[in-house]
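Ready for some practice at reading a model? Take a look at the sequence and structure below, then try each exercise before turning to its solution.

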Amino acid sequence: AYVVVDNCIMCKYTDCVEVCPVDCFYEGENMLVINPDECIDCGVCEPECPAEAIKPDTEPDLEKWLALNAEYAKVWPNVTIKRDAMPQAKEYDGREGKLEAFFS
Ligand code: SF4
Ligand code: F3S
């Protein structure tokens with residue numbers, strides 16, 4: 001499966017949701033996640049993310065993010081239509097420590 005990682009937080013560009021053929025993105029207040037059970041590994045979302053916040057779970061050290069995506073995909077609502085990015089998306093792009101500071 002593909003997973004959304006920390007740089008989505010406070011950016012939430014949502015370009016990813018429009019290209020997913022199985023509509024497996026779910027939306028929290030300031031981050032999206034992918035439901036790893038629904039993702040078919042097509043890979044089309046990865047290059048669409050301006051924040052480079054989507055990775056295949058075959059990359060090392062993504063266990064924490066895979067677990068977070070699986071957990072929140074169960075409780076957050078499905079999202080399939082692109083919205084405006086968060087107001088300070090550019091400012092927060094690339095910032096460290098976003099999970100600890102802003103995740104919700
Ligand atoms: Fe959707 Fe494909 Fe991205 Fe998985 S890899 S989330 S199926 S677009
Ligand atoms: Fe987040 Fe990138 Fe999608 S910032 S909302 S994973 S386009």
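The exercises go from the whole chain to single residues and the ligands.

**Before you start**

This is a predicted model, in which local features need pLDDT of at least 70 and side-chain atom pairs count only at pLDDT 80 or more, while totals for chains, interfaces and linings use all residues. Residues are numbered from 1 along each chain as its sequence is written, and chains are lettered from A and ligands numbered from 1 in the order in which they are written.

**Exercise 1. Find out what confidence scores the model carries.**

Step 1: pLDDT is the predictor's confidence in each residue, from 0 to 100. Its mean over the protein is 97, and 100% of the residues reach 70 or more.
Step 2: Add the global scores, ipTM 0.97 and pTM 0.97.

**Exercise 2. Describe the order of the elements and the overall dimensions of the protein.**

Step 1: Count the DSSP runs, taking helices as H or I of at least four residues and strands as E of at least two, numbered from the N terminus. There are 4 helices and 4 strands.
Step 2: Read from the N terminus, the order is β-α-β-β-β-α-α-α.
Step 3: Compare the radius of gyration, taken over C-alpha atoms, with the globule rule of 2.2 Å times the number of residues to the power 0.38. The protein has 12 Å, close to the 13 Å that the rule gives for 104 residues, so it is as compact as a globular protein of that length.
Step 4: The C-alpha trace spans about 30 × 30 × 25 Å along its principal axes.

**Exercise 3. Work out which elements build the largest nonpolar core.**

Step 1: Such a core is a set of buried Ala, Val, Leu, Ile, Met, Phe, Trp, Tyr and Cys residues joined through C-beta atoms within 7 Å. A residue is buried if 20 or more other C-beta atoms lie within 10 Å of its own, exposed if 12 or fewer, and partly exposed in between, with C-beta atoms placed from the backbone.
Step 2: The core has 30 residues, of which Val4, Cys8, Cys11, Cys16, Phe25, Leu32 and Ile34 touch the most other members.
Step 3: Two or more residues each come from strand 1 (2-4), helix 1 (15-19), strand 2 (25-27), strand 3 (32-34) and helix 2 (63-73).
Step 4: Contacts (C-beta atoms, placed from the backbone, within 7 Å) show how Leu32 is held. Beyond four places in sequence, its partners include Val4, Cys8, Cys16, Phe25 and Val79.

**Exercise 4. Which residues come nearest to ligand 2, and where does Ala51 lie?**

Step 1: A residue is near a molecule if its C-beta atom, placed from the backbone, lies within 6 Å of it. Around ligand 2 there are 13 residues, and Cys8, Tyr13, Cys16, Cys49 and Ala51 come nearest.
Step 2: Ala51 sits in the loop between strand 3 and strand 4 (54-56). Ala51 is buried, with 23 other C-beta atoms within 10 Å.
Step 3: Leaving out residues up to four places away in sequence, Ala51 touches Asn7, Cys8, Cys11, Tyr13 and Asp93.

**Exercise 5. Is Met10, with its positive phi, buried or exposed?**

Step 1: Met10 has a phi of about 70° although it is not a glycine.
Step 2: Met10 belongs to the loop between strand 1 and helix 1.
Step 3: With 23 other C-beta atoms within 10 Å, Met10 is buried.

Note on methods:
Two residues are in contact if their C-beta atoms, placed from the backbone, lie within 7 Å.
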